[in-house]
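Let's take a walk through this structure together, one element at a time. Please keep the sequence and the 3D view side by side as you read.

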Amino acid sequence: SAAVGSAAIPRIGMGSRGGCASALAPRRVAARKVHAARIARDDTISGARMSSVTFSPGAVIGRTYRVVRPLAQGGMGAVYVCEDPAGRRCAVKVMHARLIDDPKNRARFAQEAAVGEHIGTEHVVDVYGRGIDEATGMPFIAMELLEGETLQARIWRGGHPNVLARDESLAVLDQLATVLEAAHARGLVHRDLKPENIFLTPKPHGGAAFTLKLLDFGVARFVDPTRPVHNATAAIGTPLWMAPEQHTGAEISPAADVWAVGLIAFQLLTGRFYWLAANQKELNISLLLQELLFDPLPPAAHRARALGCGQLIPAAFDAWFTRCVARDPQARFPTAVPMRAALAASLAGPHHPAEVAPAPAPPTATFLAPETLSNHPSRVTPMASPSTSLRHQSGEMALRDSDAVELSHIVGDRGTANPQQ
C-alpha cells in the first residue's frame, strides 16, 4: 500500500495530455510502448471518456514509469508497482476514469501530491512525480513504495482483533500525533484519520520498531486555526471515525482529528471499537449515528467494562480520552500539540481492576429510519436490505464502494448533536 505525501522533491505540474514534464524523466523515452495499457469495458480512447483503464505489466505510465504489477485499488485510484528509468521501484497511483470528469475529484487527487509539501516530516510519503498519462489521459502520481502494513492490518493480524502492548500503542499514537502537530501548525486538518490510513514501515535499528506514515490527504483541508471553517458542503470522511461536526456540517477545526485519534487509541488498547454498534456482527449505520450524535458518551474505562475488557484500560487514560472524544470541539484538545503532551502520562501507571460485566444489549434506534438512508442523495450506496447495515470485511468497516463517505443532512429533523452530552 502507498499513498501520497511529499518531500524535498521538485514539484511536477499536472499538465495537459502531452505527458509529464519532470526532472526525473527525459522528455522522450525511446522504444516505450506507451499504448500498452489495456482498456477495459471500452476499447476506444477517442470520443466518450473511457469507463475503466488498467495498465498491464510492461506498460509505461507518463512516459517514465514501467508497470511491474498491480498493487491495490482505492476509492480514488488504482496503485501499481512500477520502475523508473533508473530502476528504482515506486508506487504509481492512477485516478479512476469514472471520477475524472468531476473537478472536485480531480482537485482531491492533485491535493494528495501537493499537501505533504506543507508538512515537511518523515511521516508522510515522498512524491517523485505527477502528471497526465498521454496515452490514456489519466492523472497519475508516482510516490515512495512502502513496505510493511497498515495499522488496520496490524490490529487484525491473524484474522482476529489484537490488543497492542502499551509501548507499541504509545509508539503508534506518538508518531501519529507528531505528524498531526506539523499539519495542524500549518492549518491542515486531515479529516479522514482511521487505521487504514496509517502505515507502519519496519525500522531496522534504533528507537521504535517502525516508522509511521500518514496516508491519504485527498480530503484534507486548510483552515485558519483562529477561525474554524464552516463545513457548508456534504460531510467528508469515514463515519466510524468522523467527529460530530463532520456529520452535521458544523465548523471544522484540528479538533476533528483529535476526536479520531481518541477512538483509534481506544481500539489499540482494547482490540474493540468504542461504539457498541460497531462491535456487532453487522454495523447498522442508524444505530452508529445515534450513539455518535445523541447518546451519552461514557468514559473509556466504563465502555471497556461494558465490552468485557475494562482491565485493559490504564487508570489515567480516561481523562485524556475524554479530552479527545467530547462532542463539543471546544472541550477537546484544540490541536495535536497538547494532545501529544498529555499522551504518555495517560498510558502510564496501573490498569483499572478487572471487572465482570454483562454483555451490552445492542442500542435501540429512536430516529434515522432506514428509509432515510435509502432515499438520501449521498455517496452512501443504498443497501438492498431494509436493515441498512454495513458488513465487517476482514476486520474493516466498509461503506461499499466509498472510502470518503458523504452523509450531510442525514440527522434529519433532530438537527445538530447536543455538545453538552
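A good place to begin is helix α9, residues 336-346, whose buried residues are Ala336, Met339, Leu343 and Ser346. Here buried means under 20% relative accessible area, exposed means over 50%, and partly exposed covers what lies in between, with a 1.4 Å probe and protein chains only. Seen down the axis of α9, the buried residues fall within an arc of 80°, so they line one face of the helix; the arc is that of the directions from the helix axis to the C-beta atoms. The face turned away from this buried side carries the exposed residues Ala341 and Ala345.

Before going further, please note that this is a predicted model, in which local features need pLDDT of at least 70, side-chain atom pairs count only at pLDDT 80 or more, and totals for chains, interfaces and linings use all residues. Residues are numbered from 1 along each chain as its sequence is written, and side-chain values use heavy atoms, with hydrogens and water left out. Helices (H or I, at least four residues) and strands (E, at least two) are DSSP runs, numbered from the N terminus.

What do the buried residues of α9 pack against? Their partners are α3 (166-185), α5 (255-270) and α8 (317-324), where a contact means heavy atoms within 4.5 Å. At the N-terminal end of α9, Thr335 acts as the cap, with a side-chain oxygen 3.3 Å from the backbone nitrogen of Val337.

Now move to α8, where Phe317, Asp318, Trp320, Phe321 and Cys324 are buried. Viewed down the axis of α8, these residues fall within an arc of 165°, so they line one face of the helix. Their cover includes α5, α7 (300-306) and α9.

Next comes a sheet. Strands of a sheet pair through backbone hydrogen bonds, either parallel or antiparallel. In this model, six strands form an open sheet in the order β3-β4-β5-β6-β8-β7, with antiparallel pairing. The edges belong to β3 (60-61) and β7 (127-132), each with a single partner strand, so one side of each is left without a neighbour in the sheet. Two strands count as paired if DSSP finds at least two bridges between them.

Let's start at the β3 edge. Two bridges join β3 to the antiparallel strand β4 (residues 65-73), and Ile61 stands opposite Tyr65 in β4. The hairpin of β3 and β4 has three residues between the strands, and Gly62 takes a positive phi near 60° there. From β4, a hairpin leads on to β5 through three residues. β4 and β5 (residues 77-83) pair in the antiparallel sense over six bridges, and Arg66 has Glu83 in β5 as its bridge partner.

At the other edge, β7 pairs with β8 (residues 139-143) in the antiparallel sense over five bridges. There, Gly129 has Ala142 of β8 as its bridge partner.

The loops deserve a look too. Most residues other than glycine have a negative phi, and most peptide bonds are trans. Arg191, though not a glycine, has a positive phi of about 75°. Arg191 belongs to the loop between β10 (188-189) and β11 (198-202), and is buried with a relative accessible area of 11%. In that loop between β10 and β11 you will also find Asp192, buried with a relative accessible area of 3%. Which side chain does the side chain of Asp192 contact? The polar contact is with the side chain of Thr238, at 2.9 Å; such a contact is a pair of N or O atoms within 3.5 Å, and within protein one must be able to donate a hydrogen and the other to accept it, while residues adjacent in sequence count only if both atoms are side-chain atoms.

Another positive phi, near 60°, belongs to Asp216. Asp216 sits in the loop between β12 (210-214) and β13 (221-222), and is buried with a relative accessible area of 19%.

Finally, step back to the whole chain. There are ten helices and 18 strands, and buried residues make up 55% of the 421 residues. The average pLDDT, the predictor's confidence in each residue from 0 to 100, is 75, and 67% of the residues score at least 70. Over residues 1-50 the pLDDT is below 50, and beyond near neighbours in sequence this stretch has 121 contacts in the model. Over residues 355-421 pLDDT stays under 50, and the model has 136 contacts beyond four places in sequence for them.
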